[in-house]
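Visitor: Please take a close look at one chain of this model with me, and then follow its side-chain pairings outward. I would like each term explained as it comes up.

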Amino acid sequence: MAYPIVAAHGIHKHFGQLHVLKGVDLEVEERELVFVIGPSGSGKSTLLRCLNRLEEPSSGSITVAGIDMLSPRTDINHARQHIGMVFQSFNLYPHMTALGNVMLALRKVAGKSRSEAEDIAQAALERVGLADRAHHRPAELSGGQQQRVAIARAIALEPRVMLFDEPTSALDPELVGSVLAVMRSLRESGMTMIVVSHEMGFARAAADRVVFMDHGLIVEQGPPAQIFETPAHERTRAFIGQIRQH
Amino acid sequence: MNSWNRFVETFFNAKVMAKYLPDILYGTVVTIELAVLVVLAGLAAGLVLALVRSLAIRPLNWLIIFVVDLFRSLPPLVIIVLLYFGLPSAGWSPSSFVSTWLSLALVLMAFAEEIFWAGITSVAKGQWEAARSTGLSFGQTLIYVVLPQALRLTIAPLTNRTIAITKGTALGTVVALHEILGMASSAVSNSYNPSPLMMGAAAYIVLFLPVVVAARWIETRFAWKR
């Protein structure tokens, strides 16, 4: 068994009285694509956001690419370079062009020169099929294009892991395909990915493992065929059934 | 002498105006100096306070909010008088220029802080998260991602407030500051003729009308589609 690139153990998260994560263990291998599904409020997004410490876990341990994410001695800004994140609402910087969005962290975090950063950013936009939109502002791009720029912004830093937090949920149905295509090509290039999403078709086709969460716990996990066709747990069955009806 | 002539003689007396023009010009220079210093100090201090407030250090924020609310509720005239007539008994005698400058700068600081702060908080949380997730530090996120967006939102209320407070330079007359209004009113008492006041009013218009027009331009220029 390969060394896990992401290892989260005993993750608890409280928001005041609310106990959102109740001791989650998740290990992800290098080049693995893990799909996290579950009803809203199950804690799947919170789990994802704990992995790069956008949310501070209440307790537990998280190691990503060998870095102890929760140690006070870890330079979190440096560590986050290794963990790309894509958000449901894209969160592109509206005052910058697509190229500027991708270049910012290359310049300020990775310390690249302007011309170097520009080359890398242009190449990243090329990978998501938007080389010709480099000088457009987010407002001039469709939702699907914005999300692809957001992916380019993350992969330009050459992360070891990519986290996707419902990347297609805010998109019109006809724009979902373009984003999934980019994710598929990332997958083919060997990127380790953890995806919170309801795109079951994509999960079935691309995921190595599907993790079903409910009420702050991982209920069951396994290969997509097993989770979707023969779920062991009653709650998983109910959830899969509900999703199918839509 | 008909009434028109008497009106001109009273309010636009050429002889009086010529005599006191240098005084009014001198006052104009003082007003400009004061206004520039008020704007620079007030906006800079307001921005610094808003940035410190974004660090979310609770006791510090209480202090900032207290100071800001204090200077937003005190009439600038009261602050000027307090500084000029009150501080000497505490061992520091600021000049009329310093008293007026400090008072107006503090008031502008207070309003500017609130406006900057409103701008900073109006930037979506997702902007912070996206920037931090790429490894940008808190400070870098503030400077490169949040402030540029916040400043655009603040530019219209900020220019209006800045103009309103900067016009308060005229309040300096109560502490015998030789700015436009002060020079004009002493000219009026020396000449027994209100013409210098008309010159003073004209000087204010010459000074502030371009600023008001510029503000209008800035507002439309930065009115901004997402």
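**Chain B and its pairings**

Guide: Of the contacts in chain B with a separation of 6 or more, 78% are made by residues that stand 24 or more positions apart, a contact being heavy atoms within 4.5 Å. The model is a predicted one, in which local features need pLDDT of at least 70 and side-chain atom pairs count only at pLDDT 80 or more, while totals for chains, interfaces and linings use all residues; side-chain values use heavy atoms, with hydrogens and water left out. Residues are numbered from 1 along each chain as its sequence is written, and chains are lettered from A and ligands numbered from 1 in the order in which they are written.

The secondary structure of chain B consists of nine helices and zero strands (DSSP runs numbered from the N terminus, H or I of at least four residues for a helix and E of at least two for a strand), and its elements accordingly read α-α-α-α-α-α-α-α-α from the N terminus on. Its radius of gyration is 22 Å, whereas a compact globule of 226 residues would have one near 17 Å; the value is taken over C-alpha atoms, and the globule rule is 2.2 Å times the number of residues to the power 0.38. Along the principal axes, the C-alpha atoms of chain B fill a box of roughly 80 × 50 × 25 Å. Of the 226 residues in chain B, 40% are buried, where buried means under 20% relative accessible area, exposed over 50% and partly exposed in between, with a 1.4 Å probe and protein chains only. The accessible surface of the chain is about 11600 Å², and carbon and sulfur atoms account for 71% of that surface; such areas come from the Shrake-Rupley method with a 1.4 Å probe, and for residues only the protein chains shown count as cover.

The aromatic side chains come next. Rings of Phe, Tyr and Trp (its six-membered ring) pair if their centres lie within 6.5 Å, with planes under 30 degrees apart counted as stacked, over 60 as edge-to-face and the rest as tilted. By this rule there are eight aromatic pairs over all chains. One pair is edge-to-face because the rings of B:Tyr84 and B:Phe85, with centres 4.9 Å apart, have their planes at 90°. Within this pair, B:Tyr84 is partly exposed at a relative accessible area of 25%, and B:Phe85 is exposed at 51%. The rings of B:Tyr204 and B:Phe208 are stacked, since their planes stand at 20° and their centres are 6.4 Å apart. Both B:Tyr204 and B:Phe208 belong to helix H9 (residues 195-222) of chain B, where being four residues apart separates them by about one helical turn, and both are buried. Ring pairs also join B:Trp4, B:Phe7, B:Phe11 and B:Phe12 in a cluster.

A ring can also have a charge over it, which requires NZ of Lys or CZ of Arg within 6 Å of the ring centre and within 35 degrees of the ring normal. In chain B, the charged end of B:Arg161 sits over the ring of B:Phe111, at 3.9 Å from its centre; in chain A, the charged end of A:Arg153 sits over the ring of A:Tyr93, at 4.6 Å from its centre.

Salt bridges lead from chain B into chain A. Side chains of opposite charge can pair when their charged atoms come close, and the criterion is a side-chain nitrogen of Lys or Arg within 4 Å of a carboxyl oxygen of Asp or Glu. Over all chains the structure holds 15 salt bridges, and one network of them links B:Lys125 and B:Glu129 with A:Arg49 and A:Glu55. Elsewhere in chain A, A:Arg53 pairs with A:Glu56 in a salt bridge whose closest N and O atoms are 2.8 Å apart; A:Arg53 is buried at 18% relative accessible area, whereas A:Glu56 is partly exposed at 41%. A further salt bridge brings together A:Asp208 and A:Arg187 (2.9 Å, N to O). Because A:Asp208 lies in the loop between helix H7 (200-206) and strand S9 (209-214) of chain A, and A:Arg187 in helix H6 of chain A, this pair ties together parts that are 21 residues apart in sequence.
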